Structures are given as C-alpha cells and as structure tokens.
2 protein chains.
Amino acid sequence: MAITHDEALRFAEDVALYFEQDAGLPRITGRVIGWLLICEPSEQTAGQLVETLGASKASISTSTRQLMQAGLVEKVSVPGDRRTYYRINDEGWVASVFERLAAVTNILKVLDKGSELLAHESPARRARLENVADLYRWMQSELPPLLARHREQRLHDGGEK
Amino acid sequence: MAITHDEALRFAEDVALYFEQDAGLPRITGRVIGWLLICEPSEQTAGQLVETLGASKASISTSTRQLMQAGLVEKVSVPGDRRTYYRINDEGWVASVFERLAAVTNILKVLDKGSELLAHESPARRARLENVADLYRWMQSELPPLLARHREQRLHDGGEK
DNA sequence: CATGTCGTTCAGCGTATTCCGAACGTACTG
DNA sequence: CAGTACGTTCGGAATACGCTGAACGACATG
C-alpha cells in the first residue's frame, strides 16, 4: 500500500518532464524538484540525490544552487553534521510562481520605449503597439492584487485548520 | 521627428531579446514579432521580412508558421496578389498571454498523480506535496475569472472610446 | 601530517537547436 | 511550354546547452 521507490522515482521523472517542457529547466533540475516533493525524509543530502537520481555531483551541485536561488529549495544544516540537506521551500514556491507570472510583463520596458518612438505618429499608426502594451499594463496592475488575495486567503485557511 | 528605419529595427531587436530570454523563442521569431509591431504598413510579405530582417526565406517561413499557430500573427490575402501578408493579431495575443499564464497549472496533472500515490500515507508525509498542489489548484480557479474580467473591461472601454 | 568526506568549479564531450542554402512544388505569365 | 515569382521542406554547418569526470579547496579525524 505504501509508495514504492520506483513509483517515487517515476513521479520525479514526470515532474522533470513538466519543468523541462513548460519552464525550460534542465532535466536534472526537474528531477531534484520532483524527488524532494515526495521523498522520505523531506531533507536530502547532495550525496543522496546523486545516488537516487543517478546524476553526477557536479550536476546536483549546480541544480541545487539554482533551485535555492529561485527560492524553491532551501538549505538545512544539522548540528554535528558537515553535510547540508536540501528540502522544498513552501514559502519560496508561492513567490516563485507569482514571479513567473509577473515575468510576462517584463516586455513592458521594451514596449514603452517603442511607444515613445511612435509618440509623434498618428493614432492609427500607434494603435497596434498600444493595444498590445495595454494588455500587459493591465496584467501588471492585476497580478499584485491576485497575490494579495492569495496571501489573505491562506492566512484565514491556515487559522481554520 | 518620425521614427527612423534604424530605430524600428533596434526596437525589433529588443523585442527579440525579450522573447528569447523570457519565452525561449528563437531570435528570428522574436524579430518578426517586434518588426510587425512597429512596421508601416502593418501588413508585410515574407519577402519584405526577409529583406528588412536579413534572414533567410526558410527562417521566415518557419517562424511565421509558428507565430500563426501561436495566434500572435495572422495571414492576410489581397485580391489579385499572389503573395501572403502577415500582421499582428490582437485577439490572438490576449489568448496567447492567458494561455501562457494557464500553462503554469499544467503541472497539476502530475501532482495529482503523486497525490494518489501518497493517498495512504500519513498526513504529515502528504503535507509537503499537498501544499504545493493547493497553490496550483488555487491558480487554476483564479485565472479564468481574471480572463473574464479582462474581456468585460475591454468591452466597456471599447464602447466608450 | 596524512587521510577521508563533502562540496564547488572548470574543461571537454555529446547532443540538441538554430539558421541557412539548395532543391522542390505550385501557380501565374508571355 | 519555358520562364518567373512565391513559398515550403530538407540536409548540413555552426552554435549553444547539458552533463560529466577530474581537479581542487575546505574541513574534520586518525
């Protein structure tokens, strides 16, 4: 009835495939994420990741660093243990997802510059670019409230549980 | 005062850089998008794109096809003209951006499968994966209303203008 | 001080991707 | 039926990327 090692590994593989296709992450990085989501215990050393995922130390080192930078994974240290443990960082995950959504509006820096270039052109000429820019401006104004609502809701739900 | 050819080309280059970094599109595909956003007239033939962007016919052919498939660009045909023209598709752009946002929740298919694997494990063991899955479930429930509000707002603004 | 463990960094190999030129298909024209 | 204009598709070259092994540094232990 309990989950088997193979099932967990296959799950990690599925997660890896998703992040590869949808977020452009390297395969191994996705495997680390997937495995950390389902492994027992939740904290894993680099050595354990190397062995269970069949990747090199080098790859694990770089992917854990990137995941920590992205905020999806955090370092854990244990007194009297020289090794460092890695585990999923729930808080960082929320921030990361919203960051990913917000990244869509990064193009506004470029579009606004284009908008200035067309400042003295006819409205008809400007319309094409402005329509697109307006879409991203709308996104930029709507995403922060969305995050705020999520925080608020999580606060209440957490209290109720 | 009017925008120069070089300025427009540089703008296209900036757009290309953005799409390359943020969406993983090939450089040339991004150039096509950028140029179509700012060129005059708004419709351009493949031949024109080849010449102004300095790319091969082959590259323009594949990138325009992909952009049409993504919905960002549409084909325009002119009576008595064998050539096909390409131009930015505003409608498709909105759909594409929301599609991109919604893609974030594609991971739910995988996470739900993992959730089943842990169905008979202790709540403490399940919490890690469930917390993450809940985040994406929340996203999945919030994104469609966001799109609906956008549509509604656009309808009103369009009427007022 | 030698030895072992843990982790990072770097050069290089193998693979995938991007882009082009060339060949081809299609359709219009003299 | 040649001769063009227009566009797509197909190898192949150049390039970028992922991953590894090996060398290295830091730190603890015998």
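## A guided reading of two protein chains and two DNA strands

In the hairpin that strand 2 and strand 3 of chain B form, six residues lie between the strands, and B:Gly80 adopts a positive phi near 75°. The model in which this hairpin appears is a predicted one. The hairpin serves here as the starting point for the sheets, after which the text turns to the domains, the contact between the chains and the DNA.

Strand 2 of chain B covers residues 73-77, and five bridges connect this strand to strand 3 of chain B in an antiparallel arrangement. Within strand 3 of chain B, the residue opposite B:Lys75 is B:Tyr86. Strand 3 of chain B, residues 84-88, is also joined by two bridges to strand 1 of chain B, residues 44-45, and these two strands again run antiparallel. Here B:Thr45 faces B:Tyr85 of strand 3 of chain B. The result is an open sheet of three strands in chain B, with the order 1-3-2 and antiparallel pairing. Strand 1 and strand 2 of chain B are its edge strands, each pairing on one side only.

Chain A also has an open sheet of three strands, with antiparallel pairing and the order 1-3-2. Its edges are taken by strand 1 (44-45) and strand 2 (73-77) of chain A; each has a single partner strand, so one side of each is left without a neighbour in the sheet. Between strand 2 of chain A and strand 3 of chain A, residues 84-88, there are five bridges, and the two strands run antiparallel. One residue pair may be picked out: A:Glu74 has A:Arg87, in strand 3 of chain A, as its bridge partner.

The next level is that of domains. Chain A is divided into domain 1, residues 5-88, and domain 2, residues 91-160. The C-alpha centres of these two domains of chain A are 31 Å apart. Contact between them involves four residues of domain 1 of chain A and four residues of domain 2 of chain A. On the side of domain 1 of chain A that touches domain 2 of chain A, two residues are nonpolar, one is polar and one is charged. A pair of individual residues gives a further distance within the chain: A:Thr52 and A:His150 are 98 residues apart along chain A, and their C-alpha atoms are separated by 35 Å. A:Thr52 belongs to helix 3 of chain A. A:Thr52 counts as partly exposed because 16 other C-beta atoms lie within 10 Å, a number between the limits of 12 or fewer for an exposed residue and 20 or more for a buried one.

Helix 6 of chain A, residues 108-117, shows how burial can be distributed around a helix. Its buried residues are A:Val110, A:Leu111 and A:Gly114. Viewed down the axis of helix 6 of chain A, these buried residues fall within an arc of 95°, so they line one face of the helix. An α-helix has 3.6 residues a turn, so residues three or four places apart point the same way. The face of helix 6 of chain A that is turned away from the buried side carries the exposed residues A:Lys109 and A:Glu116.

Where do the two chains meet? In the contact between them, 43 residues of chain A touch 43 residues of chain B. On the side of chain A that touches chain B, at least two residues each come from helix 1 (5-23), helix 2, helix 5 (90-103), helix 6 and helix 7 (123-160) of chain A. Helix 7 of chain A supplies the largest share, eleven residues. By class, this side of chain A has 25 nonpolar, seven polar and eleven charged residues.

Both chains also lie around the DNA. Of the 20 residues around DNA strand C, those that come nearest are A:Ser61, B:Pro26, B:Arg27, B:Ala58 and B:Ser59. Two or more residues of this surface come from each of helix 3 (46-53) and helix 4 (57-70) of chain A, and helix 2 (27-38) and helix 4 (57-70) of chain B. Helix 4 of chain A gives the most, with five residues.

DNA strand D is surrounded by 20 residues, of which A:Pro26, A:Arg27, A:Ala58, A:Ser59 and B:Ser61 are the closest. Helix 2 and helix 4 of chain A, together with helix 3 and helix 4 of chain B, each supply at least two residues of the surface near DNA strand D. Helix 4 of chain B makes the largest contribution, five residues. The surface near DNA strand D comprises six nonpolar, seven polar and seven charged residues.

Notes. Residues are numbered from 1 along each chain as its sequence is written. Chains are lettered from A and ligands numbered from 1 in the order in which they are written. This is a predicted model: local features need pLDDT of at least 70, side-chain atom pairs count only at pLDDT 80 or more; totals for chains, interfaces and linings use all residues. Two strands pair if DSSP finds at least two bridges between them. Helices (H or I, at least four residues) and strands (E, at least two) are DSSP runs, numbered from the N terminus. A residue is near a molecule or strand if its C-beta atom, placed from the backbone, lies within 6 Å of it. The arc is that of the directions from the helix axis to the C-beta atoms. Ala, Val, Leu, Ile, Met, Phe, Trp, Tyr, Cys and Pro count as nonpolar, Asp, Glu, Lys and Arg as charged, and the others, Gly among them, as polar. Domain bounds come from an automatic or database domain assignment. Two residues are in contact if their C-beta atoms, placed from the backbone, lie within 7 Å.
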